[in-house]
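Thank you all for making time this morning. I would like to walk through one structure with you, slowly, for the sake of anyone who has not seen it before.

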Amino acid sequence: MPRNRTVRFAVLGSSVQRAAPYGFPSSRSSAIRRRIVVGLLVLLSLVLITLSFRSSALDGIQGDGATALRPFETAANRVARPFRDTIGWFHGLVNARSENKKLRVQIAGLQQELIQDEGAVQQNAQLTQELNYQAPPSVRAYGQVRAEVLANPLSSTEDSITISAGSVNGLQTGDVVVEPTGNPDGTGALIGTVDRVTSHVSRVMLLTDDDSAVTATDLTDSNVIGSVRPGGSSLILDRVPKEPNVRRGDTIITAGSLGDGPLKSRYPRGIPIGTVTSVTNSDADLFQNIQLQSLVDLSSIRSVIVLTPPSNR
Amino acid sequence: MDGLKAAVVLFIACLLQLSVLTEYHPFRTASIVLVALLSIALLRGSLFGAVAGFAVGLMLDTGTLGTLGVTSLLLTIAGFWIGRYGETTARDRFHAPFLSVAVVTMLYVFGQLTLEFVLGEAAPAGAAVRGVPGALLLNLLLTLPVYALARRLFPPQELGDRVREVRLLG
């Protein structure tokens, strides 16, 4: 049977014209265009990484971008606040009874300590004056800039937060960051240091960052000098010889240092860092193995105080 | 119009990620930006996904004052790859968004870790690996509402190569 090669069209629609394709393109030219665009975007990302990592050429643009985002982040924070407070209220309600009992015991102990400490403070002031002793700068010598936290760490591997203050507020890289409290001087435990500054927004490197190290001492024994560094999920007080002994429950504070040279400590003396949770000694180690619990919940910080050295102001 | 809608959705996701989700430690591993991006990429294709990924990555890096380009690179590749999956085998499959989010969440964590390691920054693999199950669970939980919203905003398009005429032989 001869094959009939005549072609007839059966039209399914009103028009025999093929409509212009839309949706997911599948032609060869589209595939090439797709690859070119993606290749360019990847290349652009690599260029941005290189520029951002190797120079400060993009810092200004990034700072302006962060400043532009700041009002939106603040607005989002304000919108989320009622929900956050509700969750906090329920959480507080669950723990209220046990916390109340614990706090009553703590208050009784602290009242005893306060009486002893007041006498020691007066004696200290008198002796300092008589001996003309040059002490490291205290927190009171520093200026305070209060700032809101715009973004906490984005993942479990990050240890930095973004705050709503920058160079226009007098912040500089290396400034010390503490938590705000109801203390007379308003400052609480150590959070970290300012790591990067733009005009209106800054990044704070937390104590748990691998690059963080703070010279610290024991509140009850100033002979203990070591360095607080991150150690897994907690902090460790490193480089403390086996004598003198550090005890569990001791409070570790910043050591500060005297002097005006380049090696002067950025931290004023006496900022609380954490409490000792465990102390172990092994014959193989030259130093004690001391673990600390930070006094601040570094995973969720809402506001901070940045201590600006007198030279900044 | 799709571009504008995607920009608004991803901008809101970005703000939620930066200001709300990171407030609560248990939710920190969740990434609403990643879930929103993958949902849009699945519905709008590889090119759209790649461009959206690049833009939202740049915004996240700017908001956190991180190294510019790191998140952009990861999200560009994620958006492109899942967009391509949407264009090819994932059409109208119920499991497609869940599978995409699960796979990309894991690859994203390891990709981020690798980039940080290459750049000489702290790359704690232990912390990253410990965070993977939580991230997977939370992202999968987020997928259902976010994909439903994305599907409403970006209704699936008809296929460009759908046959509109037939030729009869014989």
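**Two domains in chain A**

Let me begin with a contact, in which eight residues of domain 1 of chain A meet eight residues of domain 2 of chain A. On the domain 1 side of chain A, the residues that touch domain 2 of chain A comprise one nonpolar residue, four polar ones and three charged ones. I should say at once that what you are looking at is a predicted model, and I would ask you to keep that in mind throughout.

As for the bounds, domain 1 of chain A covers 56-133, and domain 2 of chain A covers 136-313. Taken over C-alpha atoms, the centres of these two domains of chain A are separated by 13 Å.

Stepping back to the chain as a whole, two helices and 13 strands are found in chain A, and 31% of its 313 residues count as buried. If we take the contacts in chain A with a separation of 6 or more, 59% of them are between residues 24 or more positions apart.

**Two barrels**

Now I come to the strands. How do S2, S3, S6, S5, S4 and S13 of chain A run together? They form a closed barrel of six strands in the order S2-S3-S6-S5-S4-S13 (chain A), and the pairing is antiparallel. From one strand to the next, the twist averages 45°.

One pairing in this barrel is worth a pause, namely that of strand S4 of chain A, residues 176-180, with strand S13 of chain A, residues 303-308, which is antiparallel and has three bridges. If you look for A:Val176, you will find that its bridge partner in S13(A) is A:Leu307.

There is also a closed barrel of six strands that runs S7-S8-S9-S12-S11-S10 (chain A), again with antiparallel pairing. Here, with direction ignored, neighbouring strands are turned by 45° against each other on average.

Within that barrel I would like to follow strand S9 of chain A, residues 234-238, which is joined by five bridges to strand S8 of chain A, residues 221-231, with the two running antiparallel. The bridge partner of A:Arg229 in S9(A) is A:Ile236, while A:Pro230 stands opposite A:Leu235 in S9(A). The hairpin of S8(A) and S9(A) has two residues between the strands, and in this hairpin A:Gly232 takes a positive phi near 65°.

S9(A) is also joined by three bridges to strand S12 of chain A, residues 289-294, and these two run antiparallel. In that pairing A:Ile236 stands opposite A:Gln291 in S12(A).

**A buried serine and two unusual loop residues**

Staying with strand S12 of chain A, we reach A:Ser294. Is A:Ser294 buried or exposed? A:Ser294 is buried, because 23 other C-beta atoms lie within 10 Å. If we leave aside the neighbours within four places in sequence, A:Ser294 is in contact with A:Ala189, A:Leu207, A:Leu235, A:Ile273 and A:Gly274. The C-alpha atom of A:Ser294 is separated by 9.9 Å from that of A:Thr277, which is 17 residues apart along the chain.

Let me turn to the loops, where A:Asn132, although it is not a glycine, has a positive phi of about 55°. This residue is placed in the loop between helix H2 (59-131) and strand S2 (143-151) of chain A, and A:Asn132 counts as exposed because it has 6 C-beta neighbours inside 10 Å.

A:Arg239 is not a glycine either, and it has a positive phi of about 65°. You will find A:Arg239 in the loop between S9 and strand S10 (251-254) of chain A, and with 17 C-beta neighbours inside 10 Å, A:Arg239 counts as partly exposed.

**The largest nonpolar core**

My last topic is the core. Which residues touch the most other members of the largest nonpolar core? Among its 105 residues they are A:Ile191, B:Ala36, B:Leu37 and B:Ala78. To take one of these, B:Ala36 is in contact with B:Val9, B:Leu10, B:Ala13, B:Val146 and B:Ala150, leaving aside its neighbours within four places in sequence.

Definitions and conventions
Residues are numbered from 1 along each chain as its sequence is written. Chains are lettered from A and ligands numbered from 1 in the order in which they are written. This is a predicted model: local features need pLDDT of at least 70, side-chain atom pairs count only at pLDDT 80 or more; totals for chains, interfaces and linings use all residues. Domain bounds come from an automatic or database domain assignment. Two residues are in contact if their C-beta atoms, placed from the backbone, lie within 7 Å. Ala, Val, Leu, Ile, Met, Phe, Trp, Tyr, Cys and Pro count as nonpolar, Asp, Glu, Lys and Arg as charged, and the others, Gly among them, as polar. Two strands pair if DSSP finds at least two bridges between them. Helices (H or I, at least four residues) and strands (E, at least two) are DSSP runs, numbered from the N terminus. Axes are lines fitted to C-alpha atoms, for helices over the stretch in contact, and angles run from 0 to 180 degrees between N-to-C directions. A nonpolar core is a set of buried Ala, Val, Leu, Ile, Met, Phe, Trp, Tyr and Cys residues joined through C-beta atoms within 7 Å. A residue is buried if 20 or more other C-beta atoms lie within 10 Å of its own, exposed if 12 or fewer, and partly exposed in between; C-beta atoms are placed from the backbone.
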